[in-house]
Amino acid sequence: MAKNAQRRVVVTGVGLVTPLGTGTEKTWQGLMNGQSGIGLITRFDASAHSCQIAAEVKDFTPALWFEKKQAKHLDHFVQYGIAAADMAVKASGLEISEELADRIGVITGCGMGGLPTIEEYHSVLLNRGPRRITPFLVPRMIPNMPSGHISMHVNAKGPNLALSTACAAGTHAVGEAYRHIVFGDCDAAITGGTESVISPLAVGGFAAMKALSTRNDDPEHASRPFDKDRDGFIIAEGAGMIVLEALESARARGAEILAEIVGYGQSSDAYHIAAPPEDGEGAVRCMNMALRNAGMTPDEIDYINAHGTSTPLNDRCETLAIKTVFGDYAYKLAISSTKSMTGHMLGGAGGIEAAFTALTLHHQCIPPTMNLENPDPACDLDYVPNTAREMNIRAAMSNSFGFGGTNGVIIMKRFAG
């Protein structure tokens with residue numbers, strides 16, 4: 001994409017609600033320690049399901065952000081998104097005055113919206129009749145409620161968008177927010193992803209596709225990206241939001257800068273509703289687009305936060321795509337899948353992993369890929385197995401690939417002034 005070379009975009013705040021804990025520091029320490037957020041499902045009786053494990057948010061306290069009555073009218077994916085955005089804005093120190101409000105955007109992603117709300121009120125409809133449906137049904141379930149509520153929460157009156165591109169939604173949201181700032185449509189944006197669909201229908205649906213792990217007797221080791229014994233992903237919930245700002249704006253107010261976002265790619269496989277092409281060519285085009293957009297060569301990337309779902313097909317195809325893009329240099333890259341600890345947050349994953357990528361550059365330390373005990377011979381790159389790694393990281397890439405063949409990639413650099 002053509003862009004104004006003077007309009008640089010930086011990350012100044014991060015907010016996280018994850019199965020590793022509510023709050024950025026708690027989640028980051030969990031990642032560094034190789035902690036697992038995966039356990040038996042407690043949201044509903046999963047005894048009849050082939051998959052009985054998930055990565056649930058366990059310590060979220062709605063009262064810290066909402067009145068009791070308000071919380072009742074907000075689906076979990078909305079609550080998590082608002083809370084993560086609130087934390088990100090406070091961490092950034094960004095003050096949104098009425099004068100600046102129309103220069104602040106909110107762009108969020110989610111994959112499935114308020115599916116638990118739909119399930120709940122479908123039951124109400126069948127068992128108690130249409131008169132018992134709450135007037136808050138539609139506002140609870142539609143996918144743009146996080147972006148709408150966040151804008152009201154912080155008084156952001158600039159561009160307001162919600163993207164629903166399956167498991168690439170969070171990454172697409174961050175990439176589009178970056179573009180909006182580059183093009184001058186706003187000076188800052190609150191962006192990321194949120195999801196909460198640990199529900200009977202979602203778990204049953206993914207299980208019917210044979211997409212979920214059934215390692216029910218060992219939840220903490222069930223998500224094992226790039227391992228020969230991987231058998232599916234772990235459904236998860238949470239939200240990750242970041243504050244992006246034009247560099248001149250961040251500098252003017254003396255903000256701490258965590259990283260600089262420099263590239264964004266998007267593509268379609270045009271191949272299959274749920275499976276990537278065997279050669280990963282859609283992911284190849286997406287990574288190459290992000291590199292071109294950043295004006296970078298492959299050997300300038302030091303780390304990739306992989307999509308790394310722990311499914312047999314994704315991990316093999318993503319590995320092959322990385323080899324195609326990076327050639328022999330692929331073997332010098334550090335790559336990890338944080339889904340080994342957080343599970344897969346679907347439309348929220350890209351936002352959370354964008355936050356992780358910014359923190360990786362800021363702290364110069366890479367989260368590990370946990371449970372990588374028996375490497376798949378087809379997955380023979382350096383996946384930072386089982387232990388976090390301190391190293392010099394100049395630039396990092398974050399990959400997200402979604403059902404429908406939609407792909408998103410962002411690139412961030414360590415901020416060097």
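This is a short talk about the cores, one helix pair, one loop residue and the cysteines of the structure above.

Okay, hi everyone. Before anything else, keep in mind that we're looking at a predicted model.

Let's start on the inside. How many residues does the largest nonpolar core have? The count is 69, and the residues with the most contacts inside that core are Ile235, Ile242, Leu244 and Met412. Helix α13 gives the most to this core, with eight residues. There's also another core, lying apart from that one, with 32 residues, and Val17, Val57, Phe66 and Val106 are among them.

Let me zoom in on Leu244 for a second. If you skip residues up to four places away in sequence, Leu244 still touches a whole list of others, including Val9, Val10 and Val11, and also Val174, Ala177, Tyr178 and Ile181. Asp187 and Ile261 are in that list of contacts too.

Now back to α13, which covers residues 349-363 and packs with α1, residues 24-32. How do these two helices sit relative to each other? Their axes are 12 Å apart and the angle is about 75°, so α1 is roughly perpendicular to α13. On the α1 side you've got Thr24, Thr27, Trp28 and Leu31, and they meet Phe356, Leu359, Thr360 and His363 of α13. Sort the residues of this contact by kind and you get four nonpolar, four polar and no charged.

Next stop, Phe403. You'll find Phe403 in the loop between β14, residues 395-402, and β15, residues 406-413. Is Phe403 buried, exposed or partly exposed? With a relative accessibility of 34%, Phe403 counts as partly exposed. Here's a fun one: Phe403 and Ala168 are 235 residues apart along the chain, and their C-alpha atoms are separated by 8.5 Å. Leaving out neighbours within four places in sequence, Phe403 is in contact with Ala166, Phe206, Met209, Ile273 and Ala274.

Last topic, the cysteines. As a reminder, a disulfide is a covalent bond between the sulfur atoms of two cysteines. How many disulfides does this structure hold? Zero. Why is Cys51 without one? The closest cysteine sulfur, in Cys167, is 15 Å from the sulfur of Cys51, and that's too far for a bond. Cys51 also counts as buried, because its relative accessibility is 0%. Cys186 is in no disulfide either, and the nearest cysteine sulfur, the one in Cys110, is 20 Å away. Cys186 is buried, with a relative accessible area of 0%.

That's my tour, thanks for listening!

Methods: Residues are numbered from 1 along each chain as its sequence is written. This is a predicted model: local features need pLDDT of at least 70, side-chain atom pairs count only at pLDDT 80 or more; totals for chains, interfaces and linings use all residues. Side-chain values use heavy atoms; hydrogens and water are left out. A disulfide is a pair of cysteine sulfur atoms within 2.5 Å. Buried means under 20% relative accessible area, exposed over 50%, partly exposed in between (1.4 Å probe, protein chains only). Axes are lines fitted to C-alpha atoms, for helices over the stretch in contact, and angles run from 0 to 180 degrees between N-to-C directions. Helices (H or I, at least four residues) and strands (E, at least two) are DSSP runs, numbered from the N terminus. Angles under 35 degrees count as roughly parallel, over 145 as roughly antiparallel, 65 to 115 as roughly perpendicular and the rest as oblique. Contact means heavy atoms within 4.5 Å. Ala, Val, Leu, Ile, Met, Phe, Trp, Tyr, Cys and Pro count as nonpolar, Asp, Glu, Lys and Arg as charged, and the others, Gly among them, as polar. A nonpolar core is a set of buried Ala, Val, Leu, Ile, Met, Phe, Trp, Tyr and Cys residues joined through side-chain atoms within 4.5 Å.
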